[in-house]
Amino acid sequence: MKNSFSSIQRSVLLDDLSAKDLDLLVIGGGITGAGTALDAQTRGMKTGLIDMQDFAAGTSSRSTKLVHGGLRYLKQLEVKLVAEVGKERAVVYENAPHVTTPQWMLLPLIRGGTFGKFTTSAGLAVYDRLAGVSRNERRLMLKKQQTVEKEPLLRRDGLKGAGYYVEYRTDDARLTLEVIKKAVEQGAKAVNYVKAEEFLYESGKVAGVRAVDQLTGESRDIRAKKIINAAGPWVDDLREKDQSKQGKQLHLTKGVHITIDNSRFPLQQAVYFDAPDGRMVFAIPREGKTYVGTTDTHFKGNPVHPRMTVEDRDYLLRAIDYMFPGINVRPEDVESSWAGVRPLIHEEGRSPSEISRKDEIFHSDSGLITIAGGKLTGYRKMAERVVDLAAEELEKEGAGLYSKSRTDRIRLSGGKVGGSREFSNFVGEKIREGTTIGLTSNQAEKLAIRYGSNVERLYDILRTTGEEAPHYGLPKSVFAMVVYAIEEEMTAKPSDFFIRRTGALFFHIDWVHKWKAPVTAYMAQRLHWTEEEKQMMLKELEQRVEEATIPLDS
């Protein structure tokens with residue numbers, strides 16, 4: 001069977017995954033696991049990847065959606081971390097310009113605030129040098145009037161000026177998917193909704209997992225020479241199954257973001273600013289909305305579906321009111337939200353915001369390799385380090401010789417657009433092409449930006465089966481996205497489509513309400529659901545909508 005990433009082929013792919021021994025099995029389909037699978041497969045290891053939920057369903061679809069260098073870590077003297085992730089921004093951008101966009105960021109200087117003029121200027125200069133920032137993206141220092149011109153909504157009281165520097169905005173879930181799709185293209189096998197229920201051992205060494213398909217209940221054994229635990233907030237659960245949870249452990253913190261329509265919060269410039277309690281918060285314009293976050297609080301609950309509380313929402317509304325005092329955003333203006341759990345390495349006596357974002361590798365006596373901590377931006381280097389370790393051990397055990405990591409030069413799926421410099425020209429060409437097959441310019445532009453070079457596959461879908469779209473009550477652009485999501489992105493549930501394949505739940509909640517029924521009906525037909533299964537899937541999606549829109553009381 002040719003390598004596939006279709007939800008129609010899920011069970012066949014899972015059979016294939018369990019049919020022969022792998023060199024490496026990765027548990028966890030977030031950005032770290034995705035990067036690990038790509039790195040390992042492109043070095044010549046037969047690699048598999050499983051996740052008990054959908055790909056990127058945990059932390060990797062719930063971040064601030066920035067590939068950023070961690071400016072605030074300079075204050076904690078995390079120089080090495082800032083240097084590494086700062087340089088990685090450019091690598092991610094060049095290899096996937098369709099899911100990564102340069103974003104100028106305003107850092108207001110407020111009298112009595114966290115950042116003073118001298119320390120900000122010096123800090124940003126050091127940041128530029130550490131991160132290897134290109135000349136045209138190096139920081140500027142703005143006076144008060146220049147700052148207000150960049151963002152008229154800013155408070156004037158106590159405003160002294162601003163730092164102005166570049167970060168990179170991303171779609172975190174789609175970045176994760178593009179990494180996995182590239183790994184699959186290279187020969188890896190990846191299946192979602194497969195839980196590693198228990199480890200299998202030979203002579204005291206971990207040799208595989210008993211995996212349970214969460215959609216069918218079927219159990220299979222998947223064997224591998226090496227297993228990497230990259231399960232994010234669940235890494236300690238797997239260490240407990242391995243009886244190796246000793247020494248350092250995870251410390252989970254929760255971050256919440258809220259989305260507000262531009263009609264109520266017409267932000268024109270991304271801003272990184274002081275909240276009243278001194279924490280730093282982002283406000284970022286995107287797709288006709290403004291999103292604001294993040295909170296940073298200890299988390300003890302179930303990380304599968306963390307939620308915004310009234311307290312979280314009100315904290316962010318107070319932060320908005322503090323820095324943008326004239327707009328008077330109210331609780332009812334919050335259209336949607338998302339909450340994510342950060343799997344940090346516990347440090348005694350530190351507040352959530354002070355805990356290091358460095359990654360660490362744990363190695364158990366059974367041979368289980370665990371990677372935890374880290375940041376979205378540093379995923380590729382994290383993967384390189386953990387695969388270096390696995391490769392070294394495999395070589396010692398006589399399993400073969402493996403090359404060095406080369407993922408810094410590998411275009412991700414959808415990334416063949418002529419590099420970052422040619423991306424806008426690529427989009428222009430695809431807009432013209434899209435209008436010849438019945439799309440509006442706006443629809444074609446959105447598809448080209450979201451899917452990059454993979455938009456050709458969506459156009460092929462429209463050319464061959466686009467006339468079926470009205471039969472399902474769908475516009476052509478939505479029809480193409482759903483078909484592509486099923487056939488090329490292993491979309492198993494409507495919630496996968498509306499949350500992680502399109503981001504609609506977070507940024508276009510009306511779009512979810514409008515298309516949830518026809519999209520679910522189409523998926524039911526393609527995936528042969530019973531009426532009961534179809535209603536169950538629709539109910540689950542509605543539950544996710546409720547979680548995003550209705551805050552918990554506490």
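Is Glu167 buried or exposed? With a relative accessible area of 1%, Glu167 is buried. Bear in mind as you read on that this is a predicted model.

## A salt bridge across the sequence

Let's stay with Glu167 for a moment. Its side chain meets that of Arg89 in a salt bridge, with an N to O distance of 3.0 Å. The pair links distant parts of the chain: Glu167 sits in strand β6 (residues 159-170), whereas Arg89 belongs to helix α3 (residues 79-95), and 78 residues separate them. Arg89 counts as buried too, because its relative accessibility is 3% and the cut-off for buried is under 20%.

## Pairs within a helix

The count of salt bridges comes to 50, and some of them join residues of one helix. In helix α7 (residues 235-241), Arg239 and Asp236 are three residues apart, so about one helical turn separates them. Their closest N and O atoms are 2.8 Å apart, and the two form a salt bridge. Arg239 is buried at 3% relative accessibility, and Asp236 is buried at 7%.

Helix α17 (residues 531-549) offers another example, with Arg544 and Glu547 three residues apart, about one turn of the helix. Here the side chains meet in a salt bridge at 2.9 Å, N to O. Arg544 has a relative accessible area of 12% and is buried; Glu547, at 13%, is buried as well. Elsewhere, Lys430, Glu433, Glu456, Asp460 and Arg463 are joined into one network by salt bridges that share partners.

## A covered helix

Helix α2 (residues 31-42) is worth a look on your screen. Its 12 residues should span 16 Å at 1.5 Å a residue, and the end C-alpha atoms are indeed 16 Å apart, so the expected and modelled spans agree. The helix is mostly covered, with 12 of its 12 residues buried. Among them are Ile31, Ala34, Leu38, Asp39 and Gln41.

## Charge on the surface

Now to the outside of the model. A patch of positive charge on the surface gathers Arg111, Lys117, Lys143, Lys144, Arg156 and Lys160. Of these, Lys143 is found in strand β5 (residues 140-143). Lys143 counts as exposed because its relative accessibility is 61%, where exposed means over 50%.

Arg342, in strand β16 (residues 334-345), is a contrasting case: at 17% relative accessibility, Arg342 counts as buried. Measuring from C-alpha to C-alpha, you will find Arg342 and Ser6 30 Å apart in space, with their positions 336 residues apart in sequence.

Technical notes. Residues numbered from 1 in each chain as written. Predicted model: local features only at pLDDT ≥ 70, side-chain atom pairs only at ≥ 80, totals over all residues. Heavy atoms only, no water. Patch = residues over 30% accessible without salt bridge, like charges linked within 9 Å, V, L, I, M, F, W, Y side chains within 5 Å. Areas by Shrake-Rupley, 256 points an atom, 1.4 Å probe, with all protein chains shown as cover. Salt bridge = Lys/Arg side-chain N within 4 Å of Asp/Glu carboxyl O. Lys, Arg positive; Asp, Glu negative; His and termini not counted. Charge placed at Lys NZ, Arg CZ, Asp CG, Glu CD. Helix = DSSP H or I, 4+ residues; strand = E, 2+ residues; numbered from the N terminus. Buried < 20%, exposed > 50% of the residue type's maximum accessible area, 1.4 Å probe, protein only. Expected span 1.5 Å × (residues − 1).
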